[in-house]
Amino acid sequence: MQRMLVADDDASIRSVLRDLLEDEGYDVDETESGAGVLSALTGKNGSIPDLVVMDIRMPDKTGIEVLRELSAMNKGGGALPIVVMTAFGTSSVAIEAMQLGAYDYITKPFNLDEVLVTIQRYFERMALSEQVQELSTRLGERDPNEIIIGNSQPMQEVYKTVGRVARSDATVLITGETGTGKELVATVLHRSSSYRAGQLVKVNCAALPETLLESELFGHEKGAFTGAVNQRKGRFEMANKGTIFLDEVGEMTLSTQKKLLRVLQEREFDRVGGSVPVKVDTRVISATNKVLPQEVESGRFREDLYYRLNVISIYLPALRDRLDDVPLLVEHFLSKHRASAGSGPSRISQGAMRTLMEYDWPGNVRQLENAIERAAVLSQGGVITEDHIDLSGADSRRFVDVAQQIRKGTTLRDLLGDVERQALSEALTQTDGDRVAAASLLGLDIPEFQSRFSAFNL
Ligand SMILES: Nc1ncnc2c1ncn2[C@@H]1O[C@H](COP(=O)(O)OP(=O)(O)OP(=O)(O)O)[C@@H](O)[C@H]1O
Ligand SMILES: [Mg+2]
């Protein structure tokens, strides 16, 4: 049973709240003073209450003084388990209370339903963060970048496959739209495999033109081509006794595909310009957001290679197909970015959460993470509302994929234009719209920044 403490110097209010809360099945204690709250929350009265409903005006210590003392002890520890009651119209006090770490406030005279909803929301939120904690300890990972979040049915399927292949060291192909967590899953697979003592070497097959990709993968001998002044080891050699992660594997040319096939079949390859085969023992995980069977069909991807890569396949669902995971993900990203920014606790309003749950997320989890990170900054550690949520720049944070653009026949002029537009808008985002600061961030003077800015109609 949840234990509540009601703190008010007015006995009639204490008894109204006690009746209300006991009817809802809470265990209720009372105190008439700020000192009583302090000793209860610091464990001096035996068991610590799960949540305190506290009046701001009390004769011995005001609620603000109580919060100040507690937040001094609670540095960086998240919201205090306190809902404060303030007189209607004293919003500055309410704001101060929130800044000192109170979880929420209600105004007097209060509406009993509002009191109950506020309290229920607190406990729901606590239950969510416990789930996140539990999941992360279960996976034995401390690094917040290596935890897969989600309890939805489609994610349960993912966990089953991940669990099954974790120790098998089988070759895995991970598919799914952009931002669904393919790289994350590859990392988790590597960490739980018997190759975990070795390196996880990542190669983005879309980022390099063919000749560079080959020497990147297989290395080259001295003098193999102009500029190859020394022998160089490739990624496959670096991944020996470890895992190689071939990202965007659907972008490889047919000739590179042929060389990759040989590595998978024979576990050996030649360096570019070399004639002595190099042997490797490497686990291979690849990922793509293309539909490879279609690529095979149209002759752009070798069928034999497809079968070699696709021994086990893991499909990551789009976020719009598992929207019930949004609250858990939000909770996870709030605590992740709180830890990294060292800022105060951010909380999210129900309206903002509704907005997030009604969106279709073309950029998937990556886009959600960016939106939360940005909202946390804008809300300055307070409550995130709808106004802090920006869903317009779906992919504004993604870099221009030069290799792909060139393949598509984009001219240099257009490419540079895209990069410039992105740089301007990114600089504005990072400086919260301050043009002077954005100009200096990009090393431009103000008139020049202005003229480029207006040229792009930003
Ligand atoms: N289920 C998840 N739980 C927690 N974080 C996630 C989850 N899925 C994705 N992320 C986070 O979202 C971001 C994008 O994920 P990731 O880079 O793995 O996506 P991807 O599928 O490889 O995308 P792309 O196809 O664009 O390369 C990362 O910061 C990752 O940690
Ligand atoms: Mg990726």
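**Figure 1. Ala 438, a buried residue of helix H18.** With a relative accessible area of 0%, Ala 438 counts as buried. Welcome to this predicted model; our opening view sits in helix H18, residues 435–441, where Ala 438 has its place. Look across to Ala 427: the two residues are 11 apart in sequence, and their C-alpha atoms are 5.1 Å apart in space. Ala 427 belongs to H17 and is itself buried, which leads us to the next view.

**Figure 2. Helix H17, from end to end.** Helix H17 takes in residues 412–430. Do its ends lie where a helix of this length should put them? At 1.5 Å a residue, its 19 residues should span 27 Å, and the end C-alpha atoms are 26 Å apart, so the two values agree. Along the helix, the buried residues are Leu 415, Gly 417, Leu 424, Glu 426, Ala 427 and Leu 428. After H17 comes Asp 432, with a positive phi near 55 degrees.**Figure 3. The shell around ligand 1.** Ligand 1 has 19 residues around it, and those that come nearest are Ile 149, Thr 178, Gly 179, Lys 182 and Glu 369. Sorted by class, the shell holds seven nonpolar, five polar and seven charged residues. Helices H7 (182–192), H13 (326–341) and H15 (364–378) each contribute at least two residues to it. Where does ligand 1 lie with respect to domain 2 and domain 3? Both domain 2 (144–315) and domain 3 (319–388) give residues to the shell, so the ligand lies between them.

**Figure 4. Oxygen atoms of ligand 1 and their polar partners.** Zoom in on the backbone of Gly 179, where a polar atom is 2.8 Å from an oxygen atom of ligand 1. A polar backbone atom of Gly 181 is 3.1 Å from a ligand oxygen. On the side-chain front, Arg 366 has an N or O atom 2.9 Å from an oxygen atom of ligand 1. Taken alone, ligand 1 exposes 630 Å², of which the protein buries 90%.

**Figure 5. Glu 331 in helix H13.** Here we stay with one of the helices that supply the ligand shell, and pick out Glu 331 of helix H13. Is this residue buried or exposed? Glu 331 has a relative accessible area of 10%, and because buried means under 20%, it counts as buried. Met 126 is 205 residues away along the chain, yet the C-alpha atoms of Glu 331 and Met 126 are separated by 10.0 Å.

**Figure 6. Backbone details in three loops.** Most residues other than glycine have a negative phi, and most peptide bonds are trans. Against that background, which two residues does a cis peptide bond join? The bond is between Lys 108 and Pro 109, with omega about 0 degrees. Pro 109 is in the loop between strand E5 (104–108) and helix H5 (112–138). Lys 241, not a glycine, has a positive phi of about 65 degrees; look for it in the loop between helix H9 (235–238) and strand E10 (243–247). Trp 361, not a glycine either, has a positive phi of about 50 degrees. This tryptophan is in the loop between helix H14 (350–357) and H15, and Trp 361 is buried, at 0% relative accessibility.

Note on methods
Residues numbered from 1 in each chain as written. Chains lettered and ligands numbered in written order. Predicted model: local features only at pLDDT ≥ 70, side-chain atom pairs only at ≥ 80, totals over all residues. Heavy atoms only, no water. Near = heavy atom within 4 Å. Polar contact = N/O pair within 3.5 Å; in protein donor to acceptor, adjacent residues only side chain to side chain. Areas by Shrake-Rupley, 256 points an atom, 1.4 Å probe, with all protein chains shown as cover. Helix = DSSP H or I, 4+ residues; strand = E, 2+ residues; numbered from the N terminus. Nonpolar A, V, L, I, M, F, W, Y, C, P; charged D, E, K, R; others polar. Domains from an automatic or database assignment. Expected span 1.5 Å × (residues − 1). Buried < 20%, exposed > 50% of the residue type's maximum accessible area, 1.4 Å probe, protein only.
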